[in-house]
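Work through the exercises below with the structure open. Each task is followed by a solution in steps.

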Amino acid sequence: MLVTIAKILSEQGIDVRETPYANHEDILNSPFEAGNFFKAADAEKYRKNFACPGGCENSKTDLRYGKKYEDLSLKLAKTEDEILKLRKYGKEKKIFVSSTLTEEGMSLMARIRDLRGEKNLISKELQALIAPSAGRVKKILTYKGTVICDMFSNMRELLPQIGSISGRVDGIPLFTRAFGELSLKITGLGADVAVVGGPCLFGTDEMLVAVRHDDGSVYNFDYNTEKHYNSLNGSANMSAHLMEYGRRIESVSFENRKERVTLQEYESLRLPFEFASALRAPLVIPIPDMSYKKYLEAVTVKLDERLRLSVIESFEKELRKISDLYLGVIDGLDDLFKPPKLAVVHGRDRESLETFYRGRGPYVERFVSRRGIKALSNKPENIESVTDYIFFPALPFYLWGIRNILQVDSMDEADSLRKCAQAHGTSVSLYGGLYPEMLGKNGTNTIFNSTLGNKEYV
């Protein structure tokens, strides 16, 4: 559904003057498509993610809490980082496994205890600074309990390195995860950071599927919506149809209507490049052709096996054509932005794929053992493909061992960001810079969800 931040605030009964968005009419009134997963939250909880926690509009010299706040925030980040490193060292050396602690173990525990004490004192000092001036900004919006509604002007204040990035991001709401912590890691600690992000493979009306039965009847579906083509809101479902009538199906053919990338897909590639270039950070772009193939493999299990293999092979040829479109655009962006390191992970890059699957293995296992297989997806046919999407954000960790990762992606990936963070615990620190997708020509659906005539192509 189409929403605006102003509408959401009104529905939540929030006075816009008590939010950071009060003087940003473009942010408040920019329409975008999103599900009803917004909640009002106490701004105090997220205060470190705003360059001007009290709601000020100007440069960092106008920060309500002054330099002391910045110094204490940096000191807190360093303390938390040292605690994390000591805990990791103890785990790697198995110091805390034995029931009898060694001298090194006792020393390590004492140091961690002291650091926790310091952390508590610093936190109290920060709270004391905040308390006298906490009257102005009281509420912010969260989305799916994962990201907060943010503005690029605020992100730029926190992380001046991204100031060169321009375009649509300046006038739309953005959705960030722990951006204040990320800025401290980069500017205060000099931590290594990588960027990950990229588009889906194709959208509505770009891949049509014709299913012919042995009685000569033909059923036409849109691959993205899975609905009958030309009645995209109908009740018929492609995957259910393939499962129910598998033995009566004589052929499945594909009409690939995607010849260029859309404006949104281009932005979904350009923005990760821009962030990576600005931060001098390595970049990973996943092209999810392997995930689309896995889904088709899952929903065609009831077909005759020879037919099934032929259908998958035919689909894979179309996937390669679309992947090549993206690879061409990526080559041009690589020449333009020149990130220090680039990996493009797709179905034909067997080495990177094997590294991805091998690296995520223990984290998938731990996630499922703790939360159950349905935490990946409620639909069995989605499990394999959705697992890819959930673990894509950690690709820089699997490929290069980089533990601080910024996902620059569509806000539709909020669930993947949350689940990936849950799966990796303290092994990886995941940050988010998510954007609402562009609307198509009719202004009522995203380009991704629009029919062909309402899409805009590069």
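Helices here are DSSP runs of H or I with at least four residues, numbered from the N terminus. The model is a predicted one.

**Exercise 1.** Find the helix that holds Arg370, and decide whether this residue is buried or exposed.

Solution. Step 1: Arg370 is located in helix H11. Step 2: exposed means over 50% relative accessible area. Step 3: the value for Arg370 is 62%, so the residue is exposed.

**Exercise 2.** Which residues form the patch of positive charge on the surface that includes Arg370?

Solution. Step 1: Arg370 is joined there by Arg87, Lys91, Arg116 and Arg371. Step 2: helix H3 (66-92) and helix H11 (350-371) are the elements giving two or more residues to the positive patch.

**Exercise 3.** Locate the partners of the salt bridge between Lys293 and Glu316 along the chain.

Solution. Step 1: the closest N and O atoms of this pair are 3.2 Å apart. Step 2: Lys293 belongs to helix H9 (residues 289-299) and Glu316 to helix H10 (residues 305-337). Step 3: with their positions 23 residues apart, the pair links distant parts of the chain.

**Exercise 4.** How far apart in the chain are Arg418 and Asp415?

Solution. Step 1: both residues lie in helix H14 (residues 414-424). Step 2: they are three residues apart, about one turn of the helix. Step 3: their salt bridge has its closest N and O atoms 2.8 Å apart. Step 4: Arg418 is partly exposed at 24% relative accessible area, and Asp415 is partly exposed at 25%.

Notes: Residues are numbered from 1 along each chain as its sequence is written. This is a predicted model: local features need pLDDT of at least 70, side-chain atom pairs count only at pLDDT 80 or more; totals for chains, interfaces and linings use all residues. Side-chain values use heavy atoms; hydrogens and water are left out. Patches are made of residues with over 30% relative accessible area and no salt bridge: like charges are joined within 9 Å, nonpolar side chains (Val, Leu, Ile, Met, Phe, Trp, Tyr) within 5 Å. Accessible areas come from the Shrake-Rupley method with a 1.4 Å probe; for residues, only the protein chains shown count as cover. A salt bridge is a side-chain nitrogen of Lys or Arg within 4 Å of a carboxyl oxygen of Asp or Glu. Lys and Arg count as positive and Asp and Glu as negative; His and the chain ends are not counted. The place of a charge is taken as NZ of Lys, CZ of Arg, CG of Asp or CD of Glu. Buried means under 20% relative accessible area, exposed over 50%, partly exposed in between (1.4 Å probe, protein chains only).
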